[in-house]
Amino acid sequence: VRRANSHQRSWATSSPALQLTLAQEGGRRDALEASLREAIRDGRLGAGARVPSTRALAADLGLARGTVAEAYAQLQAEGYLTARPGGGTWVSDVAASTVPRRPPATKAPRSERFSFHPGLPDLAAFPHAAWSSALRRGLREAPAASLGYGDPRGRAELREALADYLARVRGVVVDPELIVVCGGFRHGLSLVARVLRSRGARRVAMEEPGLNDHHNVLVAAGFETAPLPVDEQGARTDLLPEIAPAAAVLGPAHQFPSGALLHPERRAAAVAWARAAGGLVIEDDYDAELRFDRPPIGALQALDSEHVVYGGTASKTLAPGLRLGWLQLPANLLDPVLALREVEDVHVPAPDQIAFARLLASGAYERHVRRMRARYRDRRDRVVEMLAERAPRLTPVGISAGLRVLLELPAGGPSGAELVEGAARRSIELFPAGRFHHHGDPMPDGIVLGYGALPDHAFEAGLRALGDLLAEALAD
Ligand SMILES: Cc1ncc(COP(=O)(O)O)c(C=O)c1O
């Protein structure tokens, strides 16, 4: 027996094949069990290896024989060891193969000094005080039953508060019985897409350019995506009869990434197609409240609540980390969506639903949105000023709403990808427009510049750094 280090109180066996170190904390038996489990998991004790007899190991480690026997019995019960008739204890065949293997490391995300991520709001501006007070008071006042399994559509008080808000602010035709609270718009899209696919639908039209995440959701659900071109009047919904998809995902209030507002005729064309073909429009209303030039445009869903699924999210107005979104469904989709949910069992935690319902009902949410709208409008103004000063050859497109502008690059200059690379060398995160084109390259090439992501205190410095980069990269 060797006591390896009396201060650490660790022991090692004398056999070179089995080095066991027992942790100091806890009982000896627990420490021996943990040490043996680890040796089996990391392969030091391979499948089929014979472990020392209880007597030998007890002598080796300076433990009572009964302690070793108890540890062996426990590991036998768990399936790590087997006792063979005729004596001896062995590492069981199955145990060794349960070693979890990590997938090869993927590239670590870079953390840039200045991020112009087009999909992020200013996370430092999250209304911590209002949220925590809504959470505290909500939890105190909610009945104990609110922490049970609950309604698969989401909590009733949240659906009621959402119905009131969406009808008033977004003009949605609401029925709280047909609202489903989900984990962000993306989750809602995934639920609806999987229901459609299970009914045999094969093709979904998606705005081109459009959000890559949504494209991936549709492909993962087994769909072929058909590109719906976008111009300054929004998506070419007049092409839907020709493309003949089962559904079309549209961002009528603020197309991503062009910023276009869907023209009234295109809105009408989308609904006319859905009615005539029995198609479905999935409306992505992710940031409509953040409009600077006019009151937000009412939801397309109001034109036909039977053929349009309305989807919203708190990702831009509060934070994407909440994973909080909502669907207003046509009646015929409710049961299949809930059936899918029942097996999937992914829900927004009840405390978050309770807190958000209170923020909505108290008006604190709308006050926050108003404050943020003013802040983002100021930032948008500063971006446009900076561009005019430092990079006048760049055309900012879609400046009237949201958290981003599209910068169209002049022919003969650097490509979007080159600019992104040059920016990364200066610790600036930019996004090339090419990332959002799924059926060909952008013409012209561009950068999708998000001005929401930086915290307030870093915004001016970030803008200066970006101005320096653009001025150099686009010098004549
Ligand atoms: C076009 C668009 N739609 C929807 C969303 C919101 O997604 P979610 O609610 O899944 O966070 C985003 C966020 O990046 C977006 O850019």
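Arg358 and Glu141 meet in a salt bridge, with their closest N and O atoms 3.2 Å apart. Arg358 sits in helix α12 (residues 350–362) and Glu141 in helix α5, so the bridge ties together parts that are 217 residues apart in sequence. The model you are looking at is predicted, and it holds 32 salt bridges. Here are some places to look.

**Salt bridges**
- Both ends of the Arg358 bridge are partly exposed: Arg358 has a relative accessibility of 27%, and Glu141 one of 48%.
- Asp122 pairs with Arg375, again with closest N and O atoms 3.2 Å apart.
- Asp122 belongs to the loop between β6 (114–115) and α5 (128–141) while Arg375 belongs to helix α13 (residues 364–390), so this pair links parts that are 253 residues apart in sequence.
- Asp122 is buried at 3% relative accessibility, whereas Arg375 is partly exposed at 28%.
- Arg29, Glu33, Arg37, Glu70 and Glu78 are joined into one network by salt bridges that share partners.

**The largest pocket**
- The largest pocket holds about 520 Å³ of space.
- Its lining counts 25 residues, and Gly119, Arg186, Leu211, Asp213 and Lys316 lie nearest the centre.
- Helices α7 (184–198) and α8 (212–220) each give two or more residues to that lining.
- By type, the lining residues are 10 nonpolar, 7 polar and 8 charged.
- Arg186 and Asp213 form a salt bridge with each other (3.5 Å, N to O).

**A buried arginine**
- Arg267, in helix α10 (residues 264–277), is buried without a salt bridge; Glu283, the nearest side chain of opposite charge, is 5.5 Å away.
- Among the residues Arg267 touches are Pro252, Leu262 and Ile297.

Conventions:
Residues numbered from 1 in each chain as written. Predicted model: local features only at pLDDT ≥ 70, side-chain atom pairs only at ≥ 80, totals over all residues. Heavy atoms only, no water. Helix = DSSP H or I, 4+ residues; strand = E, 2+ residues; numbered from the N terminus. Buried < 20%, exposed > 50% of the residue type's maximum accessible area, 1.4 Å probe, protein only. Lys, Arg positive; Asp, Glu negative; His and termini not counted. Salt bridge = Lys/Arg side-chain N within 4 Å of Asp/Glu carboxyl O. Contact = heavy atoms within 4.5 Å. 1 Å grid on protein atoms, 1.4 Å probe; cavity = no way out; pocket = protein on both sides within 12 Å on 5 of 7 lines; lining within 4 Å. Points joined across faces, edges and corners; volume = space filled by probe spheres on them. Nonpolar A, V, L, I, M, F, W, Y, C, P; charged D, E, K, R; others polar. Lists of a residue's contacts leave out its neighbours within four places in sequence.
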